[in-house]
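Here is a short briefing to read alongside the model. Keep the viewer open and follow the topics in whatever order suits you.

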Amino acid sequence: MSVSKQLIILILFTCISSAVSAQDQGNTVFRFLSISPDARSAALGGSHAAVISPNSSQFIINPAFLNLSEMDRVHFSYLNHLGDIRFGTANYARKLPGIGNISASLRYLNYGDLTRLDESGNDIGSASANDLALTLGFATSVTSRLSYGLSVSGIYSSLIGYSSSAIAFSGGLMYNFPDRETALGAYINNAGTQISTYNGITEHLPLNLALGIVHRLQYIPVRLHFTLNRLNNWPLEYIDDEQSPSFFEALPRHITGGAEFLFGERVTARIGYDTWLNSQTSTGKRVDGAGLSFGVGIHLNTMDIDFSRTSFSDMGSVVQLGIGLKI
């Protein structure tokens with residue numbers, strides 16, 4: 001490893017991690033930054049820190065993925081969220097010979113038709129609300145097995161006549177064991193600050209520190225994913241917690257798990273589970289599918305099609321569709 005690359009990695013994780021203890025997940029703005037940017041990630045339960053053969057749109061989660069993605073591709077994703085909320089992404093990735101891989105991604109969220117009410121509850125017309133993020137990423141290899149990546153996002157939000165903007169930085173590492181189809185990953189997402197605020201009060205961005213592993217079973221064509229999310233907010237207390245949970249009580253709250261079932265080179269089935277999403281949406285009255293997701297990927301010569309469905313218990317389910325094209 002060259003001295004310059006060592007210095008880049010040191011500066012990256014020293015600067016970004018300094019924001020970890022300063023930001024609390026319980027009071028954040030720009031929550032749309034935490035939505036899975038593609039259907040593959042959503043089908044696996046959410047934001048995993050390590051993935052085998054990631055697509056370029058997943059660098060939004062771990063920027064190091066970009067070094068292992070296929071280049072000269074465009075990727076589009078559409079999510080039909082709860083209510084009238086619509087979320088879409090567009091991504092393009094390209095290789096810079098001798099330097100590394102770069103990518104640009106646009107995320108857009110529309111809250112649908114909103115009705116404005118005065119203090120007496122009278123209808124005073126319609127209103128709009130939108131979120132937008134433009135992310136630029138770079139990734140390269142340190143060694144044949146170790147990759148790192150960086151990204152910067154410009155964020156803008158307009159909510160019923162008010163607006164706010166911010167800048168956020170992300171960084172990630174991934175270490176591959178190619179002979180075993182196993183990888184370890186780590187990332188820090190959305191370390192940044194608001195540039196302008198809605199009402200003069202500065203709020204934190206949805207920071208996420210995560211560690212994870214993916215491993216393909218030796219005799220079965222299945223990849224298992226395991227990630228600990230939100231490590232910067234370890235207690236991750238529930239609303240009805242009467243006291244702060246112990247270490248082992250808090251541990252399951254950070255777990256995101258998933259599996260990919262490989263049916264040859266053309267079809268991949270996926271399933272995932274997010275314990276935190278389950279805790280936030282489960283009714284507690286019966287066994288339901290809150291936090292459970294599944295999906296399928298179809299891999300063609302010049303196109304990838306991914307589909308996912310995630311359950312929010314009694315609130316309903318959301319469906320996400322992604323298309324990747326070779327250009």
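How many bridges join β13 to strand β14 (residues 292-299)? Seven do, and the two strands run antiparallel. This is a predicted model, in which local features need pLDDT of at least 70 and side-chain atom pairs count only at pLDDT 80 or more, while totals for chains, interfaces and linings use all residues. Residues are numbered from 1 along each chain as its sequence is written, and side-chain values use heavy atoms, with hydrogens and water left out.

**The chain as a whole**

- The protein chain has four helices and 16 strands; these are DSSP runs numbered from the N terminus, with helices being H or I of at least four residues and strands E of at least two.
- Of the 327 residues in the protein chain, 47% are buried (buried means under 20% relative accessible area, exposed over 50%, and partly exposed in between, with a 1.4 Å probe and protein chains only).
- Among contacts (heavy atoms within 4.5 Å) between residues at least 6 apart in sequence, 56% join residues at least 24 apart.
- About 16000 Å² of the protein chain is exposed, and carbon and sulfur atoms supply 59% of that area (Shrake-Rupley method with a 1.4 Å probe; for residues, only the protein chains shown count as cover).

**Strands around β13**

- Strand β12 (residues 255-263) pairs with β13 in the antiparallel sense over eight bridges; two strands pair if DSSP finds at least two bridges between them.
- These two strands, β12 and β13, form a hairpin with three residues between them, and G264 in the turn has a positive phi of about 75°.
- Two bridge partners help you find the register: L262 is matched with T268 in β13, and V267 with I298 in β14.
- Side chains alternate along β13 (residues 267-274): T268, R270, G272 and D274 point to one face and are buried, while V267, A269, I271 and Y273 point to the other and are not.

**Nonpolar cores**

- The largest nonpolar core has 17 residues, of which F30, F32, L33, I35, F87, I155 and L205 touch the most other members (a core is a set of buried Ala, Val, Leu, Ile, Met, Phe, Trp, Tyr and Cys residues joined through side-chain atoms within 4.5 Å).
- A second, separate core of eight residues includes A50, V51, A64 and F65.
- Leaving aside neighbours within four places in sequence, F30 is in contact with several residues, including I155, Y198, L205 and P206.

**Aromatic pairs**

- Four aromatic pairs turn up in a search of the whole structure; rings of Phe, Tyr and Trp (its six-membered ring) pair if their centres lie within 6.5 Å, and planes under 30 degrees apart count as stacked, over 60 as edge-to-face and the rest as tilted.
- F30 and Y198 make a tilted pair, 6.5 Å centre to centre with 45° between the planes.
- That pair links distant parts of the chain, 168 residues apart: F30 is in the loop between α1 (3-17) and α2 (39-43), and Y198 in the loop between β9 (182-196) and β10 (208-216).
- F30 and Y198 are both buried.
- W234 and F247 are stacked, because their ring centres are 5.0 Å apart and their planes lie at 25°.
- W234 is partly exposed at 23% relative accessibility, and F247 is partly exposed at 49%.
- Ring pairs join W234, F247 and F248 into a cluster.

**Salt bridges**

- The structure holds eleven salt bridges (a side-chain nitrogen of Lys or Arg within 4 Å of a carboxyl oxygen of Asp or Glu).
- R40 and E260 meet in one of them, at 3.0 Å from N to O.
- This pair spans 220 residues, from R40 in helix α2 to E260 in strand β12.
- R40 is buried at 6% relative accessibility, and E260 is buried at 1%.
- E181 and R223 form another, at 2.7 Å from N to O.
- Here too distant parts of the chain are linked, 42 residues apart: E181 lies in the loop between β8 (162-177) and β9, and R223 in strand β11.
- R223 is buried, with a relative accessible area of 11%.
- R40, E181, R216, R223, E260, R270 and D306 are linked in a network of salt bridges.
- E70 and R73 also meet in a salt bridge, at 3.5 Å from N to O; E70 is partly exposed at 44% relative accessibility, whereas R73 is buried at 9%.
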